[in-house]
Each structure stands twice: as C-alpha cells, then as structure tokens.
Amino acid sequence: MQLEQKLKNHHAQYYPFHMPGHKRNLEIMGNVFPYYMDITEIEEFDDLHHASGILKEAMDDAAKLWGTIATFFLVNGSTSGILSGIRALTKTGDTVLMARGCHRSVYHAIELCDLRPIYLVPPICQNLPIFGSITPEMVKQALQENPNCKLVILTSPTYEGIVSDIANIAQIVHDAGAYLLVDEAHGAHFGFDAAFPLSATRLGADIVIQSIHKTLPAPTQTALLHICSAQVSLSEVRRQLAIFQTSSPSYVLLSQMQRCISLLQTNGTSYFTEYVAKLKQFYHAVSHLRKLRIRPLKEDVIFDADIGKILVDTSHSNLNGTTCANILRNQYGMETELAQPSYVLAMTSILDTEEGFSRFANALCEIEQTLLSASANTVVALPPIPHTICSIAQALERPHETISFSDAIHRIAADYVWAYPPGIPLIVPGEEFTTELLHYIQTLQKNGISVWSAYSHTAQIQVVQNFSAYSKRTS
Ligand SMILES: Cc1ncc(COP(=O)(O)O)c(C=O)c1O
C-alpha cells in the first residue's frame, strides 16, 4: 500500500491522543500542506541561518511571545536545538551535570562533544515507575562536589509531564558559574494559562528548547531554541545551528510555525481557556474510577506536573498498560502516545475536541467495568543506573562485538539501549550491563514493548571486545 493511502486510512480510523499537537484537526488547521509553498531559500524569502527579513520578523514575534532575548526556528526538531545548544555552551572534555532521564539527543551531544557527564538521578515516584523532579538541593550538592562543572542540563517537563523547580535551580547554577540548559521539548504550551507551569524561558534558564510540534498546533519536526540570558553567545548558537540543521529548510514547516505563533498571539488565551475546561471535565468524568487511576500527578517527589499529559495507571487492575492501549486502539479507535507495563500515556493539546475527550473518558469508564481489582503489585521497578567504567567516546572507539542481551551481563556497553518512546537510555556506552537491567528489559519485552539498541533491533547489543567490568576492576 502507498504510504499516503495508509495515512489517509489511519486518519479516518483513529483519534490521536499523541503528538503532533495539531491533532489532525482539519477544521482549525485546514488542509494546507501543498506543493505550491514547498520551496527552500530563494530570493526574497530570507535565509534561516542568517535571517534578516521575513523569517527574522517571525522569529522576533516568537521571542516576544516567550519573553526571550532571541528565538530560533528549528526544522529538525528539538534534537537539533539540543545538540546545538550543548555544543555552544561547552568545550571538548568539559564536565556537565545532567538528569539521567534526559532524551537520547542529550547523550548524543555528550558523545559528540566528548563531555564528562555527572548524572543527577531523580527519585522514582511511589505509585508509578517514572522519574520525579530534580530538586534544587540535588543540583546544589552535585555542583559543590563538581565545582568545575560548566553546564547543567535538565529535562523539564519530562516525557510524562514532571516539572522541576527551574527558578531555584537556575539561581544555584548561576551562583556556581555554570549555564543552565532546559530541554522543554514537551512544554511549549507552558505559561499560556495558569493551569500549566511557567515556561523555563521566564524562570532564569540560559537556553530553552521546545518542540512546538509536540504540544502546540504545528507540524512534526518544528521546534524552537530560545536564548534567555545575555551570557549566551548568539553567534556561537547560530553557528552550531548551521551545523546541526539542514541547509534546505522547508518553508512549508517555517510558514506553519509562524502560523502557530500568530494563533497563540491572537487567540491563544481563548484556546487555552477552553482546553483547560475540557481537561477539567475529562478528569472529573474519570475521577470515580478505581481500577484505572487517572488523576493529575501529585506526589512528594514531584515539584509540579503538566495536566495536559493524561496518565492512565493500570497497576490496580488485572490489565497491563500495553493491553489497555491495544483495547483503546482496536475497540475504541484511539491511539495513545505511550504504553508501559503499568500505565498508558495520552497527550493532549488545545486542538483536542470536546468529542475526543468525552470518547476517551467513556472508553476508560467502559474498560474499567470489565476489569478485576488487583493489589498494586504489577508496578515494574526501574533498574539501578549501571556503573560507568569508561567514557562514552572511549567505549565507542574500542573494538566491538555484538551479543544478545542475555549474554551481556558484566560486559561494557559500546551501545545505547532504550525503549522508544520515551528514548531514555537504559544503558549508555561505557557502562556495565547488569542482571537487573536484563530483567527489566525482559519485563518490557514480555509486555510487548520493543527494546532496541542503537545498532540492532533484535535484542542484541554491541559490547566492547575483550573488556569486561570484571577485568577492568581487577586490572
Ligand atoms: C524529552 C525530549 N527531549 C527531546 C526530544 C526530541 O524532540 P524532537 O522529536 O523534536 O527532536 C524528545 C522527543 O520525543 C523528548 O521526549
């Protein structure tokens, strides 16, 4: 079947509780994705990498909207912004502090810039196997222990919507003479209504990166890099963006980014007011459910959370997250963003319809009636972070061999392993593969979740040849 036909069929069949944030809402977005506007840089259309005309005006509008010093349009996703931002703020070999739950693009920046990462490991939530917030105290202590640290990299919100206390963390980071880069890929909608946290652009971060395609009405791949402090060199960021972004940016994407920003400028307040009302109605409609638990996340280890991310906790029932997502897809025509053994994650945005929310609530209420209660013992604990034996770059440069996950215990990874989404590495090159990690991977696989390494899709991993953690320790 032709891809185009498959996409049409899918559109007709399924409601999207996943990104992109335009939700294929053609009533609002129209049907404009045409060839007539598919150009790249030609006379009178400015140059994304040296903008001075129509693109500069559009980016200046975005800077005004987010209150930044400068904002750059990205057509290669937040990934390109993260790579550029980290490279602009560091020199080869620098020590950086980063949340362990960072997206893989942060690890790729570490690899490419040969940085020395010190991991901040957030606490795990009590009721779900997800990371909580990074606290200011954790950052302060790590900076005291690593006074040569040049940059702190945090993901806030996380994929699941967990937010850290960026205002206080920014203060601590700056007092220690370091920069703060916030991956706000999932928080481009923050700050547009009091029901959502404020954006890190207004809380003291130096660089903030947002995927507008994830939670705002904008096409896939569109993102923003915001410069929020005068300490950051604009020209160095621009130079890095020219390295990590295409030299043929799509004007279809650029025009739709500008359109998204105009929509927020002119009608943002009313869209967000309606969105919050729909979310509140949804949470109310499912608040009585006991086997499926759906409520905004509130736990001691969470500073704040995004109510737009709907987490369906299945751990109090005889249903696992993957089966729940399958039922939603196959019986109710709804596609969610992520299924894990004990929960399902749905993404919402200002363009979700009332009908979409009510279909979702009704489906969850009907599914609940078919379930048995279970004591919450199906929560799968996250494995401990593996020990680092050598740097990412050192591990990747040594001779490799490919072996199965089950043969990899005590071997040193020369590879990343992740379930995608969310793309957070379970192990990174240079770390020791552990029994706990193997058990965790096997549990994910048993629950129908694909676990991949960077080199293989077949439960295999590249490890460093003739070099085990054991031999390293005894040598
Ligand atoms: C936390 C986080 N950061 C960054 C990215 C990369 O964003 P993009 O897909 O826009 O490149 C993702 C992608 O899912 C993500 O989840």
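**Legends to the close-up views**

**View A. E44 lies in the loop between α2 and α3 (54-66).** The structure shown here and in the views that follow is a predicted model. Although E44 is not a glycine, its phi is positive, at about 75 degrees. The relative accessible area of E44 is 74%, and the residue is therefore exposed, the cut-off being over 50%.

**View B. D114, a residue other than glycine, has a positive phi near 45 degrees.** The loop that holds D114 runs between α5 (104-113) and β4 (116-120). D114 has a relative accessible area of 23% and is partly exposed.

**View C. The peptide bond between M19 and P20 is cis.** Its omega is about 5 degrees. P20 belongs to the loop between β1 (15-17) and α2 (26-29).

**View D. S156 and P157 are joined by a cis peptide bond.** Omega is about 5 degrees for the bond between S156 and P157. P157 is placed in the loop between β5 (151-155) and β6 (162-163).

**View E. E4 and K8 form a salt bridge within helix α1 (residues 3-13).** The N to O distance between the side chains of E4 and K8 is 3.9 Å. This pair counts as a salt bridge because 3.9 Å is within the 4 Å cut-off. The two residues are four apart in the sequence, about one turn of the helix. E4 is exposed, with a relative accessibility of 56%. K8, at 49%, is partly exposed. The two labels differ because exposed requires a value over 50%. A search of the whole structure gives nine salt bridges, E4 and K8 being one of the pairs.

**View F. A salt bridge links the side chains of E335 and R329.** The N to O distance for this pair is 2.9 Å. E335 has a relative accessibility of 16%, and this residue is buried because the value is under 20%. R329, at 24%, is partly exposed.

**View G. R411 and E401 are paired in a salt bridge.** The closest N and O atoms of R411 and E401 are 2.7 Å apart. R411 is in strand β16 (residues 411-413) and E401 is in strand β15 (residues 400-404), so the salt bridge ties together parts 10 residues apart in sequence. The relative accessibility of R411 is 17%, and R411 counts as buried. E401 has a relative accessible area of 27% and is partly exposed.

**View H. The side chain of T434 reaches the backbone nitrogen of L437.** The distance is 3.1 Å. T434 is located in the loop between β17 (417-419) and α14 (435-446). With a relative accessible area of 15%, T434 is buried, because that value is under 20%.

**View I. Domain 2 and domain 3 touch through seven residues on each side.** The domain assignment of the protein chain places domain 1 at 40-263, domain 2 at 272-369 and domain 3 at 392-474. Taken over C-alpha atoms, the centres of domain 2 and domain 3 are separated by 32 Å. The size of an interface is often given as the accessible area lost when the parts come together. For domain 2 and domain 3 the buried area is about 520 Å². Carbon and sulfur atoms give 58% of this area.

**View J. Which strand gives the most residues to the side of domain 2 that touches domain 3?** The count of salt bridges between the two domains is zero. The rule for polar contacts likewise finds zero residue pairs across the interface of domain 2 and domain 3, with both residues at pLDDT 80 or more. Strand β13 (residues 338-340) gives the most to the side of domain 2 that touches domain 3, namely three residues. On this side of domain 2, three residues are nonpolar, three are polar and one is charged.

Methods. Residues are numbered from 1 along each chain as its sequence is written. This is a predicted model: local features need pLDDT of at least 70, side-chain atom pairs count only at pLDDT 80 or more; totals for chains, interfaces and linings use all residues. Side-chain values use heavy atoms; hydrogens and water are left out. Domain bounds come from an automatic or database domain assignment. Contact means heavy atoms within 4.5 Å. Buried area is the accessible area (1.4 Å probe) that two parts lose on being put together, summed over both. A polar contact is a pair of N or O atoms within 3.5 Å; within protein, one must be able to donate a hydrogen and the other to accept it, and residues adjacent in sequence count only if both atoms are side-chain atoms. Ala, Val, Leu, Ile, Met, Phe, Trp, Tyr, Cys and Pro count as nonpolar, Asp, Glu, Lys and Arg as charged, and the others, Gly among them, as polar. Buried means under 20% relative accessible area, exposed over 50%, partly exposed in between (1.4 Å probe, protein chains only).
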